[in-house]
Amino acid sequence: MTDIRETLRSQPLRIGISTRDLFNLEEEHAVVESQGGEAYSKLQLEQEGTLIGKGPGYEVVKRLLR
């Protein structure tokens with residue numbers, strides 16, 4: 001039986017994940033939805049020095065990359 005690692009190296013699995021799933025951007029999404037892009041840009045500038053928290057998909061990606 002072929003080692004799964006060999007198969008994945010020769011035929012890599014590609015997975016798309018949104019930034020919103022990777023990071024906790026619920027507040028930012030709510031601002032875009034309710035107040036629009038200009039308010040979102042202002043919020044981003046206000047939070048420029050703040051680290052973004054992990055989103056629901058972060059652990060999945062972390063485990064896939066092991």
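How much space lies in the largest pocket? About 430 Å³ lies there. The model behind this value is predicted, and the report below goes from the whole chain to its pockets and then to three single residues.

## Overall fold

The protein chain has five helices and zero strands. Read along the sequence, the pattern is α-α-α-α-α. The chain is more spread out than a compact globule, because its radius of gyration is 17 Å, well over the 11 Å that the globule rule gives for 66 residues. The C-alpha trace spans about 55 × 20 × 15 Å along its principal axes.

## Surface and contacts

What percentage of the 66 residues is buried? Buried residues make up 11% of the protein chain. The chain exposes about 5900 Å², and carbon and sulfur atoms supply 53% of that area.

Contacts can also be sorted by separation along the sequence. Among those between residues at least 6 apart, 63% join residues at least 24 apart.

## The largest pocket

Rolling a probe the size of a water molecule over the atoms shows where empty space is left. Which residues line the largest pocket? From the early part of the numbering come Ile-4, Arg-5, Leu-8, Leu-13, Ile-15 and Ile-17. The rest of the lining is Val-60, Val-61, Leu-64, Leu-65 and Arg-66.

Helix 1 and helix 5 each supply at least two residues of this lining. Helix 1 covers residues 4–10, and helix 5 covers 58–64. By class, the lining has nine nonpolar residues, no polar residues and two charged residues.

## The second largest pocket

The second largest pocket has a volume of about 200 Å³. Its lining includes Asn-24, Leu-25, Glu-26, Glu-27 and Glu-28. Gln-44, Gln-47, Glu-48, Thr-50, Leu-51, Ile-52 and Gly-53 also line this pocket.

Which helix gives the largest share of this lining? Helix 3, residues 26–35, does so with three residues. The lining of the second largest pocket divides into three nonpolar, five polar and four charged residues. For the largest pocket, the corresponding counts are nine nonpolar, no polar and two charged.

## Three exposed residues

Is Arg-9 buried or exposed? Arg-9 has a relative accessible area of 65%, and exposed means over 50%, so Arg-9 is exposed. This residue is found in helix 1. The C-alpha atoms of Arg-9 and Ala-39 are separated by 44 Å, and the two residues are 30 apart along the chain.

Lys-42 has its place in helix 4, which covers residues 37–46. With a relative accessible area of 54%, Lys-42 is exposed as well. Between Lys-42 and Arg-5 there are 45 Å from C-alpha to C-alpha, at a separation of 37 residues in sequence. Arg-5 is one of the residues lining the largest pocket.

Where does Glu-48 lie? Glu-48 lies in the loop between helix 4 and helix 5. Its relative accessibility is 65%, therefore Glu-48 counts as exposed. Glu-48 is also one of the residues that line the second largest pocket. Gly-37 is 11 residues from Glu-48 in sequence, and the two are 16 Å apart in space, C-alpha to C-alpha.

Technical notes:
Residues numbered from 1 in each chain as written. Predicted model: local features only at pLDDT ≥ 70, side-chain atom pairs only at ≥ 80, totals over all residues. Heavy atoms only, no water. Helix = DSSP H or I, 4+ residues; strand = E, 2+ residues; numbered from the N terminus. Buried < 20%, exposed > 50% of the residue type's maximum accessible area, 1.4 Å probe, protein only. 1 Å grid on protein atoms, 1.4 Å probe; cavity = no way out; pocket = protein on both sides within 12 Å on 5 of 7 lines; lining within 4 Å. Points joined across faces, edges and corners; volume = space filled by probe spheres on them. Nonpolar A, V, L, I, M, F, W, Y, C, P; charged D, E, K, R; others polar. Rg over C-alpha atoms; globule rule 2.2 N^0.38 Å. Contact = heavy atoms within 4.5 Å. Areas by Shrake-Rupley, 256 points an atom, 1.4 Å probe, with all protein chains shown as cover.
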